Amino acid sequence: MPVKGEAGMDEFGKSDLDRSIERYMHDEEFCRLWKESEQEDTICDAIVRARIEQNLSQTQLAEASGVDKRVLSRIETGRNLPSLTTLSKIAKGLGKVLVIGFADPGGMTSAIPAANREGLARA
């Protein structure tokens, strides 16, 4: 994280990007799109974090999950949004299960492991 005194930082430790984001957050459309992308960023971050915690390279995770390394790279960098099938494969490659849930602003209210969805009635 940049600190005060680094190139592009102001006296409050904010970068040009930080100041631009603050300025654009007053724009309703920008704010809506920013919030929509947060969910995608969370998915990417969760995959990267889990892979690193297990000391796996992208190549190792790709082999364990059956997901092409190029696809995994694009997912981790946010250039591709994975399908639920791909997320399930990645979870399996990490030795985990994919959990799908809905949350209220106060926290998780319901979560169902993706592997158990077959028994659910479809709307």
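**Entry 1: the largest pocket**

I began with the lining of the largest pocket and sorted it by class: 16 residues are nonpolar, 3 are polar and 1 is charged. The model I am reading is a predicted one. I then looked up the volume, and the largest pocket holds about 640 Å³ of space. Its lining is made of 20 residues. Nearest the centre of the pocket I found I43, A46, L87, L98 and V99.

Which elements supply at least two residues each to this lining? I noted α2 (28-53), α5 (84-93) and β1 (99-104). The largest share comes from α2, with 6 residues.

**Entry 2: the whole chain**

Next I stepped back to the protein chain. I counted 5 helices and 2 strands. Read from the N terminus, the order is α-α-α-α-α-β-β. The chain has 123 residues, and 22% of them are buried. I also checked contacts between residues at least 6 apart in sequence: 32% of these join residues at least 24 apart.

**Entry 3: the loop before α3**

I stopped at N55, in the loop between α2 and α3. N55 is not a glycine, yet its phi is positive, about 55°. Is N55 buried or exposed? I noted it as exposed, because its relative accessible area is 67% and the cut-off for exposed is over 50%.

**Entry 4: helix α3**

I listed the buried residues of α3 and got Q58, L61, A62 and S65. They lie on the same side of α3, because they cover an arc of only 100° around the axis. After α3 comes G66, with a positive phi near 80°.

I also looked up T59, which sits in α3. T59 is partly exposed, at 34% relative accessible area. Its C-alpha lies 8.9 Å from that of L72, and the two residues are 13 apart in sequence.

**Entry 5: S65 up close**

S65 belongs to helix α3, which covers residues 58-65. Why do I call S65 buried? Its relative accessible area is 10%, and buried means under 20%.

I then followed the side chain of S65. It reaches the backbone oxygen of A62 at 3.4 Å. A polar atom of the same side chain lies 3.2 Å from the backbone nitrogen of V67. Leaving out residues up to four places away in sequence, I found S65 touching K89, I90 and G93.

**Entry 6: K89, across from S65**

One of those partners, K89, took me to helix α5. K89 counts as partly exposed, because its relative accessibility is 39%. How far apart are K89 and S65 in space, C-alpha to C-alpha? I read off 5.1 Å, for residues 24 apart in sequence. With residues up to four places away not counted, K89 touches S65 and V67. V67 therefore turned up twice in my notes: its backbone nitrogen lies 3.2 Å from a polar side-chain atom of S65, and K89 touches V67, K89 itself being partly exposed.

**Entry 7: helix α4**

I moved on to α4, residues 69-76. At its start, a side-chain oxygen of D68 comes within 2.8 Å of the backbone nitrogen of R70. The buried residues here are L72, S73, I75 and E76. Their arc around the axis is only 160°, which puts them on the same side of α4. L72 had already come up as the residue 13 places from T59. After α4 I met G78, whose phi is positive, near 80°.

**Entry 8: helix α5**

My last stop was α5. Its buried residues are T86, L87, I90, A91 and G93. Seen down the axis they fall within an arc of 160°, so they line one face of the helix. What lies on the other side of α5? There I found T85 and K92, both exposed. Just after α5, G95 takes a positive phi of about 75°.

I closed by matching this list with earlier entries. L87 is buried in α5 and is among the residues nearest the centre of the largest pocket. I90 and G93 are buried too, and S65 touches both.

Definitions and conventions:
Residues numbered from 1 in each chain as written. Predicted model: local features only at pLDDT ≥ 70, side-chain atom pairs only at ≥ 80, totals over all residues. Heavy atoms only, no water. 1 Å grid on protein atoms, 1.4 Å probe; cavity = no way out; pocket = protein on both sides within 12 Å on 5 of 7 lines; lining within 4 Å. Points joined across faces, edges and corners; volume = space filled by probe spheres on them. Helix = DSSP H or I, 4+ residues; strand = E, 2+ residues; numbered from the N terminus. Nonpolar A, V, L, I, M, F, W, Y, C, P; charged D, E, K, R; others polar. Buried < 20%, exposed > 50% of the residue type's maximum accessible area, 1.4 Å probe, protein only. Polar contact = N/O pair within 3.5 Å; in protein donor to acceptor, adjacent residues only side chain to side chain. Contact = heavy atoms within 4.5 Å. Arc of directions from axis to C-beta.
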